[in-house]
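Thanks for coming. I will go through one structure today, starting from a single residue and working outwards.

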Amino acid sequence: MKLLLESLFLHQAWADATLLAAVGAHAEAVGDEGLRKLLHHMVTVQRFYLARIAARPFDRAREAEVQLSSGELMELFKQTHAEALALVHGITESGLERRFGPVLQTEFTVAEGLTQIVMHSQNHRGQCLMRLREMVGKAPTLDYILWARERPAADWGR
């Protein structure tokens, strides 16, 4: 399970960095409020689950109110992915079975929480790609299987 989660989180970092670079390449996309809200929601949920798994406080009100520039949003994603990858690389198989919460009035395993992070983000990345295609006519292909061929690293410097 750990190896699969490591692979999924490496893909997620690459996919998010690639998506953000594609958005940043088009002024129309950068200025789109709906797209920016969706991206902010993605990273906020990632941060929420990481905080819960690490048993540290999460200030929902502060996280929800932040209006970030595209550069600040990219940096927030970069920091969040660094934290997630460190967690996944450092966790043991038995650590994946530890329970955390409550979330939705339930205690979940760390493996379930980490899976939620990647699945939730994948769903919203698809929405962002659709919106980007509607606005500018093209969007990157971010499929896991295409990433798995060469496993490129996330490029946060674009």
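**Starting from leucine 20**

Leaving aside its neighbours within four places in sequence, leucine 20 is in contact with Leu39, Leu73, Met74, Phe77 and Trp156. Contact here means heavy atoms within 4.5 Å. Before going further, a word on the source: this is a predicted model, in which local features need pLDDT of at least 70, side-chain atom pairs count only at pLDDT 80 or more, and totals for chains, interfaces and linings use all residues. Residues are numbered from 1 along each chain as its sequence is written, and side-chain values use heavy atoms, with hydrogens and water left out.

Back to leucine 20, which sits in helix H1. Helices (H or I, at least four residues) and strands (E, at least two) are DSSP runs, numbered from the N terminus. Is leucine 20 buried or exposed? Its relative accessibility is 8%, so it counts as buried. The cut-offs are these: buried means under 20% relative accessible area, exposed over 50%, and partly exposed in between, with a 1.4 Å probe and protein chains only. Serine 69 is 49 residues from leucine 20 in sequence, and their C-alpha atoms are 12 Å apart in space.

**H1 against H5**

Leucine 20 is also part of a helix pair, so to speak of that pair I turn to the axes. Helix H1 (residues 2-24) and helix H5 (residues 70-90) have axes that come within 10 Å and cross at roughly 170°. H1 is therefore roughly antiparallel to H5. Axes are lines fitted to C-alpha atoms, for helices over the stretch in contact, and angles run from 0 to 180 degrees between N-to-C directions. Angles under 35 degrees count as roughly parallel, over 145 as roughly antiparallel, 65 to 115 as roughly perpendicular, and the rest as oblique.

On the H1 side, the residues making the contact include Leu5, Phe9, Ala13, Ala17 and Leu20. On the H5 side they include Leu73, Met74, Phe77, His81 and Val88. Sorted by class, the contact has 13 nonpolar, four polar and three charged residues. For those classes, Ala, Val, Leu, Ile, Met, Phe, Trp, Tyr, Cys and Pro count as nonpolar, Asp, Glu, Lys and Arg as charged, and the others, Gly among them, as polar.

Leucine 87 lies in H5 as well. With a relative accessibility of 26%, leucine 87 counts as partly exposed. Beyond four places in sequence, leucine 87 touches Leu50, Ile53 and Leu114.

**The core and H3**

Next, the core. The largest nonpolar core has 47 residues, and those with the most contacts inside it are Phe9, Leu19, Leu39, Phe77 and Leu114. A nonpolar core is a set of buried Ala, Val, Leu, Ile, Met, Phe, Trp, Tyr and Cys residues joined through side-chain atoms within 4.5 Å. Two or more residues each come from H1, H3, H5, strand E1 (99-103) and H6. Which element gives the largest share of this core? H3 does, with 11 residues.

Leucine 114 touches Leu5, Phe9, Ile53, Leu87, Val88 and Leu96, again not counting residues up to four places away in sequence.

Helix H3 (residues 33-53) has 21 residues, and 15 of them are buried, so H3 is largely enclosed by the rest of the structure. Its end C-alpha atoms are 30 Å apart, which agrees with the 30 Å it should span at 1.5 Å a residue. The expected span of a helix is 1.5 Å times one less than its number of residues. Leucine 38 lies in H3 and is buried, with a relative accessible area of 19%. Outside its neighbours within four places, leucine 38 is in contact with His124, Gln127 and Cys128. After H3 comes alanine 55, with a positive phi near 60°.

**H6 and some backbone details**

Helix H6 (residues 110-136) has 27 residues and reaches 38 Å from its first C-alpha to its last, close to the 39 Å expected. Glycine 137, just after H6, takes a positive phi of about 85°.

A cis peptide bond joins glycine 101 and proline 102, with omega about 5°. Proline 102 is in strand E1. Glutamine 105, in the loop between E1 and strand E2 (106-109), has a positive phi near 60° although it is not glycine. Its relative accessibility is 82%, so glutamine 105 counts as exposed.
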